[in-house]
Amino acid sequence: MPTNAPDTISLQCIQCHRSYPTTEVRYVCDCGGLLDVWHDLEALRPRINRGLFDGRLSGAPGPKVVPTTNSGVWRYREIILPTTVDNIVSRPEGNTPLYEHPRVSQYAGLSDLYLKHEGENPTGSFKDRGMTVGVTQAKIMGATAVACASTGNTSASLAAYAARAGIPALIFIPAGKIAAGKLAQALAYGAHTLQIQGDFDDAMNLVQEVCNKLGVYLLNSLNPFRLEGQKSIVFEILQGFQWQPPDWIVLPAGNLGNTAAFGKALFEAQQLGLVDRIPRIAAVQAAGASPFYQSYQRSFAERVTVKANTVATAINIGNPVSYPRAIRTLEWANGVVTAVSDDEIMDAKAVVDSAGIGCEPASAASVAGVRQLVSAGVIKPDETVVSILTGHVLKDPTATVDYHTGQWPNAQFANAPVKVEANLAAVQQALEARL
Ligand SMILES: *Cc1c(COP(=O)(O)O)cnc(C)c1O
Ligand SMILES: [Zn+2]
């Protein structure tokens, strides 16, 4: 059994604050509460400063991948998962760009809008940042198999990282409700893929039962180690802004793992003195899958669940796992929650795509959310905003092609292919009409 648990981390219940050693396989507290990987911030404070992380930026990529140099997750390892380099399973991930484009800024109604493109991670979504840490922890624990339920990107990522680690992966997906690019990845990376007759929430319940009964290591976002890796999105943003934070970070919200991770990262960054102030968070749901937004509107007096239905499959979730952790983020980061329609999502996606950047539908919820919050006066036009693009444009080709070929009735920016006869005159005629 593993013995090399670092002394600065433990598992801590977010409700009753009971703590457990990280050498124990455990996903929830005995009281039923969700767990955090809790860092001893007092012990870390003297060891961590801006210079430590800035010094690691200069590492030029050598002929070999060295996670501690090449990964935008493991750069922050002291505050994510302190471990030795030979335990680390990395592709490597992170170091994603911050794009700007006048058309996207104008569409959102802002002068300073940045798009942090998490779709440019190794398997095409931010899930890689969590999975490198989750699979590393699985390896540390000596796991014989790993599993997740997923709307797609989690399974694509788990399949890749498990293959890298040489650990078998079990993937539970809702039959027929997964985008083509994501299913292709799970199969290609060699995962054992089980299609469940039911929706995501059914798959989620089943995988937990399987892990508890069959001793498989669970890598859904219930697993707190994944959220530790996802914190690095925020650390990269803060560092990218030379530790002078933007005013807002806006992100799509489904299972609320990222919303939870962002709040924890901001809390820790401030506690450790990396920044003097922190950005506000805006979590954006799809209107057809907006239980968190509906709870927010009722000041969290009750936990709403819904039957989810949105084109944005990555956030098509009716009963988000990290709900209590996400409420904490709103408190820590003076956050707001909103919801946008599928039409708004697909139009925002078309704007991002046509800027040559591109993203999957769920990602565009953040840009649609920025636009809505600006027009509602919540975000001021002169504020600096980072909007997170969570997934790659190739993840869901069906949604994109449908939008541009007339299957999306309200499309504002459709770019349909033009049918022409195979001769020069026909091409000239077609071009004259368009240019
Ligand atoms: C997982 C995912 C989300 C939702 O993130 P949560 O942490 O579940 O809220 C959004 N967009 C994409 C592309 C994703 O893969
Ligand atoms: Zn507890």
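This is a short talk on the ligand site and the two largest pockets of one protein structure. Please keep in mind that the model is predicted.

I'll start with ligand 1. There are 15 residues around ligand 1, and K127, N153, G254, N258 and T390 come nearest. If you have the structure open, those are the five to put on display.

Sorted by class, the shell around ligand 1 holds six nonpolar residues, seven polar ones and two charged ones.

Now the polar contacts, one at a time. The side chain of K127 has an N or O atom 2.6 Å from an oxygen atom of ligand 1. For N153, an N or O atom of the side chain is 2.7 Å from an oxygen atom of the ligand. With T390 the ligand atom is a nitrogen, and it is 2.7 Å from an N or O atom of that side chain. How much of the accessible area of ligand 1 does the protein cover? Ligand 1 has 380 Å² on its own, and the protein covers 96% of that.

Where is this in the protein? Ligand 1 takes up the space of the largest cavity.

Next, the pockets, beginning with the largest. The largest pocket contains about 310 Å³ of space. Its lining has 21 residues, and the ones nearest the centre are K177, I178, T310, T313 and N316. By class, the lining of the largest pocket is made up of eight nonpolar, seven polar and six charged residues.

Which helices contribute to that lining? Helix α8, residues 200–214, and helix α15, residues 397–404, each give at least two residues to the lining of the largest pocket. The largest share is from α15, with three residues.

On to the second largest pocket. Here there is about 240 Å³ of space. The second largest pocket has 15 lining residues, with N205, Q208, R303, N319 and V321 nearest its centre. Which helix supplies the largest share of this lining? That is α8, with five residues. So α8 is a helix to look at for both pockets, as it also supplies at least two lining residues to the largest one.

The lining of the second largest pocket divides into eight nonpolar residues, five polar and two charged.

To recap: ligand 1 occupies the largest cavity, with K127, N153 and T390 among the residues that come nearest. As for the pockets, α15 gives the largest share of the lining in the largest one, and α8 does so in the second largest. That's what I have.

Methods. Residues numbered from 1 in each chain as written. Chains lettered and ligands numbered in written order. Predicted model: local features only at pLDDT ≥ 70, side-chain atom pairs only at ≥ 80, totals over all residues. Heavy atoms only, no water. Near = heavy atom within 4 Å. Polar contact = N/O pair within 3.5 Å; in protein donor to acceptor, adjacent residues only side chain to side chain. Areas by Shrake-Rupley, 256 points an atom, 1.4 Å probe, with all protein chains shown as cover. 1 Å grid on protein atoms, 1.4 Å probe; cavity = no way out; pocket = protein on both sides within 12 Å on 5 of 7 lines; lining within 4 Å. Sits in = over half its atoms within 2 Å of the grid points. Nonpolar A, V, L, I, M, F, W, Y, C, P; charged D, E, K, R; others polar. Points joined across faces, edges and corners; volume = space filled by probe spheres on them. Helix = DSSP H or I, 4+ residues; strand = E, 2+ residues; numbered from the N terminus.
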